[in-house]
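User: Please take a close look at one part of this model, namely the side-chain pairings that involve its strands, and describe them in one connected account.

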Amino acid sequence: MKPAIIGLIGTLALAGCNTTTYSGPGLEPIPGSITYNGQPRTKLTKSPPGSSFPHDFIDQYGRQVEETYIIQPDRSLIIAHRQYKPIRFFGD
């Protein structure tokens, strides 16, 4: 009986780890962001809501930017994270 209860508790704990919700407003888009001119016309139908994906680009100042997007239940995208990577000269 004890192993069954421990297994049930473990299963419930792991089930809670699979869902990702992001209720924040996200970051404001900058030139180069996927959502800079509004939401994309094509919807991401194969990716489940709550999943995330990265997008790398060069901003208007020549800096390399990495953004992480999260797919919302209505298939819209929000920017959850933005990181500016350092500029490297001469292959450093």
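Analyst: What follows goes through the aromatic pair, then the salt bridges, and ends with a residue in a loop. The model is a predicted one, and the values below should be read with that in mind.

The structure contains 1 aromatic pair. Its partners are F53 and Y69, whose rings are stacked, with 5.5 Å from centre to centre and 15° between the planes. F53 belongs to strand β1 and Y69 to strand β2, which covers residues 64-71, and the pair thereby links distant parts of the chain, 16 residues apart. The two rings can also be described by their accessibility: Y69 is buried, because its relative accessible area is 0%, while F53 is partly exposed, since its value of 22% is not under the 20% that marks a buried residue.

Strand β2 returns in the salt bridges, of which a search of the whole structure finds 3. In one of them E67 and R82 bring their side chains together at 2.8 Å, taken from N to O. E67 lies in strand β2 and R82 in strand β3, so this salt bridge ties together parts of the chain that are 15 residues apart in sequence. Both E67 and R82 are buried.

Another salt bridge is formed by K85 and E66, with 2.9 Å between the closest N and O atoms. Here K85 lies in strand β3, residues 77-85, and E66 in strand β2, so that the pair connects parts 19 residues apart in sequence. K85 counts as partly exposed at 27% relative accessibility, and E66 likewise counts as partly exposed, at 22%.

The remaining salt bridge joins the side chains of R63 and D59, at 2.9 Å from N to O. D59 is buried, with a relative accessible area of 6%, whereas R63 is partly exposed, with a relative accessible area of 30%.

Y69, already met as a partner in the stacked pair, also appears among the contacts of T35. T35 is placed in the loop between α1 (2-17) and β1 (52-58). Leaving aside residues up to four places away in sequence, T35 touches P29, P40, Y69, L77 and I79. Although T35 sits in a loop, this residue is buried, because its relative accessible area is 9%, which is under the 20% cut-off. Y69 is thus a residue that both stacks with F53 and touches T35.

Note on methods. Residues numbered from 1 in each chain as written. Predicted model: local features only at pLDDT ≥ 70, side-chain atom pairs only at ≥ 80, totals over all residues. Heavy atoms only, no water. Helix = DSSP H or I, 4+ residues; strand = E, 2+ residues; numbered from the N terminus. Buried < 20%, exposed > 50% of the residue type's maximum accessible area, 1.4 Å probe, protein only. Contact = heavy atoms within 4.5 Å. Phe/Tyr/Trp six-rings, centres within 6.5 Å; stacked < 30°, edge-to-face > 60°. Salt bridge = Lys/Arg side-chain N within 4 Å of Asp/Glu carboxyl O.
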